[in-house]
Amino acid sequence: MQEIFIDSLMDTIKDTATLLPFLFVTYLAMEWLERRTEDQSVALLSSVGRFGHLLGAGIGLIPQCGFSAAASSLYSGGVISVGVLISVFLSTSDEMVPIFLSSSVAASTIGRILLAKFIIALVSGILIDALDRTIGRLVHADKHIHDLCERDRCGCEDEEGGILRSALIHTLKITAFIFIISLVLSLLVGFMGRDAMASAMAGSPVMGTILCGLIGLIPNCAASVAITQMYLEGLLSAGQLMAGLLVGAGVGLLVLVRTNNHHKENAAIIAALLVLGVAWGLVIDAVGITW
């Protein structure tokens, strides 16, 4: 047991350390992109009207959770529909892209996953708005989309040094999540065996997909980190990966709960997000799609 722990710890330290420079460069680029484009994207989301689903599904693909937070605020202010909000949530990529890039995953694989997320988000958003009579949409007072960042003191709003500071903070936080989750996975694989864990998920694909969806609901980047790492370890199927990533809207769920005072409405949106993510994941595995 001690040998397994030491081996797992050393492997995790080594693997995590190699990710640091890649993650920092990636987050630095993401912070620069967010600084340059977020205001324009929020303005577009609030003014595109019937093209909101298309733009929402596209904006969500940019690997950062700022747009899902912005979409939650816009929805709570009655600016966008619940379908557009769902489109943004489902397409939000969060930590998947940085981890895939730092793990040298083929660009074609990343592209196929992002394309699938875009199509699923677009179709689902349109369908949800078609059922708007059931889900409902209420208009509430507008909220400021950067409240959460200011409370977290990540430095995103600083005019000087904000990009470097924020990129460093995000990198350290994600590195810590990756280290903890990778160590836990490594220990599980060490004690249970990779084949046993993969067989357990494959032996109960429906429950495995539901579990991935529930993990994705965790309003934190740790959820997408866990799902992505498990997929890279060969423990998840393509559908299970997609279920977790579709549901993983990041801090957007937190902002929704904080800005929209109608709790039953929030619960319905979260439930719809989970059902959609799990359903699409099951369809992907049933059809036999691989990335």
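A residue counts as buried when its relative accessible area is under 20%. I wrote this cut-off down before anything else, and I also noted that the model I am reading is a predicted one.

**Entry: Thr92**

I looked up Thr92 and found it in the loop that lies between helix 4 (82–91) and helix 5 (96–102). Its relative accessible area is 2%, so I put Thr92 down as buried. I then asked which residues Thr92 is in contact with, leaving aside its neighbours within four places in sequence. My list for Thr92 reads Gly60, Ser68, Lys117, Leu245, Gly248 and Ala249.

**Entry: helix 4 and helix 6**

One residue on that list, Lys117, also turns up where helix 4 meets helix 6, so I went there next. The axes of helix 4 and helix 6 (residues 107–130) come within 8 Å, and they cross at roughly 160 degrees. An angle over 145 degrees counts as roughly antiparallel, and helix 4 is therefore roughly antiparallel to helix 6. I recorded the crossing of these two helices as right-handed. From helix 4, the residues that take part are Val82, Gly83, Val84, Ile86, Ser87, Leu90 and Ser91, and they meet Lys117, Ile120, Ala121, Leu122, Ser124, Gly125, Ile128 and Asp129 of helix 6. Sorted by class, the residues of this contact come to 8 nonpolar, 5 polar and 2 charged.

**Entry: Thr171**

My next residue was Thr171, which has its place in helix 9 (residues 162–192). Is Thr171 buried or exposed? With a relative accessible area of 2%, Thr171 is buried. I also compared its position with that of Pro21: the two are 150 residues apart in sequence, while their C-alpha atoms are 9.0 Å apart in space.

**Entry: Ser237**

I found Ser237 in the loop between helix 12 (221–232) and helix 13 (238–247). Its relative accessibility is 24%, and therefore I entered Ser237 as partly exposed. Not counting residues up to four places away in sequence, Ser237 touches Tyr231 and Asp285. I noted as well that Trp291 is 54 residues from Ser237 along the chain, with 9.5 Å between the two C-alpha atoms.

**Entry: helix 11 and helix 15**

Asp285, which Ser237 touches, led me to helix 15. At what angle do helix 11 (residues 205–216) and helix 15 (residues 263–287) pack? I read an angle of about 140 degrees, with the axes 9 Å apart. Helix 11 and helix 15 are therefore oblique to each other. Helix 11 passes helix 15 in a right-handed crossing. On the side of helix 11, I listed Pro205, Val206, Thr209, Ile210, Gly213 and Leu214 as making the contact, and on the side of helix 15, Leu274, Val278, Gly281, Leu282 and Asp285. By class, I have 7 nonpolar, 3 polar and 1 charged residues for this contact.

**Entry: the whole chain**

Last, I stepped back to the protein chain as a whole, whose secondary structure comes to 15 helices and 0 strands. The chain has 291 residues, and 49% of them count as buried. Among the contacts with a separation of 6 or more, I noted that 83% are between residues 24 or more positions apart. The chain exposes about 13,500 Å², and carbon and sulfur atoms supply 67% of that area.

How values were computed: Residues numbered from 1 in each chain as written. Predicted model: local features only at pLDDT ≥ 70, side-chain atom pairs only at ≥ 80, totals over all residues. Heavy atoms only, no water. Axes fitted to C-alpha atoms, helices over the stretch in contact; angles between N-to-C directions. Helix = DSSP H or I, 4+ residues; strand = E, 2+ residues; numbered from the N terminus. Parallel < 35°, antiparallel > 145°, perpendicular 65-115°, else oblique. Left-handed = near helix turned anticlockwise from the far one by under 90°. Contact = heavy atoms within 4.5 Å. Nonpolar A, V, L, I, M, F, W, Y, C, P; charged D, E, K, R; others polar. Buried < 20%, exposed > 50% of the residue type's maximum accessible area, 1.4 Å probe, protein only. Areas by Shrake-Rupley, 256 points an atom, 1.4 Å probe, with all protein chains shown as cover.
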